[in-house]
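Q: I would like a close look at a single part of this model, set against the chain it belongs to. Please keep the answer connected.

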Amino acid sequence: MSKFVSRFLKDESGATAIEYGLIAALVAVAIAAVLPLLGGRLTNTFGTVANKLP
């Protein structure tokens with residue numbers, strides 16, 4: 001039983017998956033924060049281009 005517990009405490013294979021999950025969550029939050037700021041500018045840009053088309 002003590003070998004199982006010591007092996008379990010030394011095992012770090014899940015730590016990498018958790019770190020990648022945290023990084024992905026931070027990227028998603030950053031994208032969600034930036035998109036509303038750029039949304040109005042993109043709408044205006046596409047509107048300008050659409051108005052200049054014949």
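In which helix is the place of Leu-26?

A: The place of Leu-26 is in helix 2. The model is a predicted one, and helix 2 covers residues 13–52. The chain has two helices and zero strands, and helix 1 takes in residues 2–10.

Leu-26 itself has a relative accessible area of 62%. Because exposed means over 50%, Leu-26 is classed as exposed. Its distance to Arg-7 gives a sense of the layout: the two are 19 residues apart along the chain, and their C-alpha atoms are separated by 31 Å.

Two further residues of helix 2 can be read in the same way. Val-29 lies in helix 2, and its relative accessible area of 56% makes Val-29 exposed. From Val-29 to Phe-46 there are 17 residues in sequence, and the C-alpha to C-alpha distance is 26 Å. Thr-16 also has its place in helix 2. With a relative accessibility of 38%, Thr-16 falls in between the cut-offs of 20% and 50%, so Thr-16 counts as partly exposed. Thr-16 is 11 residues from Val-27 in sequence, with 17 Å between the two C-alpha atoms.

The picture for the whole chain follows. Buried residues account for 0% of its 54 residues. The radius of gyration of the chain is 24 Å, whereas a compact globule of 54 residues would have one near 10 Å. The C-alpha trace spans about 80 × 20 × 10 Å along its principal axes. In total the chain exposes about 5200 Å², and 72% of that area is supplied by carbon and sulfur atoms.

At the other helix, a nonpolar surface patch of about 630 Å² is made by Met-1, Phe-4, Val-5, Phe-8 and Leu-9. One of these residues, Met-1, is found in the segment before helix 1. Met-1 has a relative accessible area of 79%, and is exposed because that value is over 50%.

To return to the part asked about: Leu-26 is an exposed residue of helix 2, in a predicted model where buried residues make up 0% of the chain.

Methods. Residues numbered from 1 in each chain as written. Predicted model: local features only at pLDDT ≥ 70, side-chain atom pairs only at ≥ 80, totals over all residues. Heavy atoms only, no water. Helix = DSSP H or I, 4+ residues; strand = E, 2+ residues; numbered from the N terminus. Rg over C-alpha atoms; globule rule 2.2 N^0.38 Å. Buried < 20%, exposed > 50% of the residue type's maximum accessible area, 1.4 Å probe, protein only. Areas by Shrake-Rupley, 256 points an atom, 1.4 Å probe, with all protein chains shown as cover. Patch = residues over 30% accessible without salt bridge, like charges linked within 9 Å, V, L, I, M, F, W, Y side chains within 5 Å. Salt bridge = Lys/Arg side-chain N within 4 Å of Asp/Glu carboxyl O.
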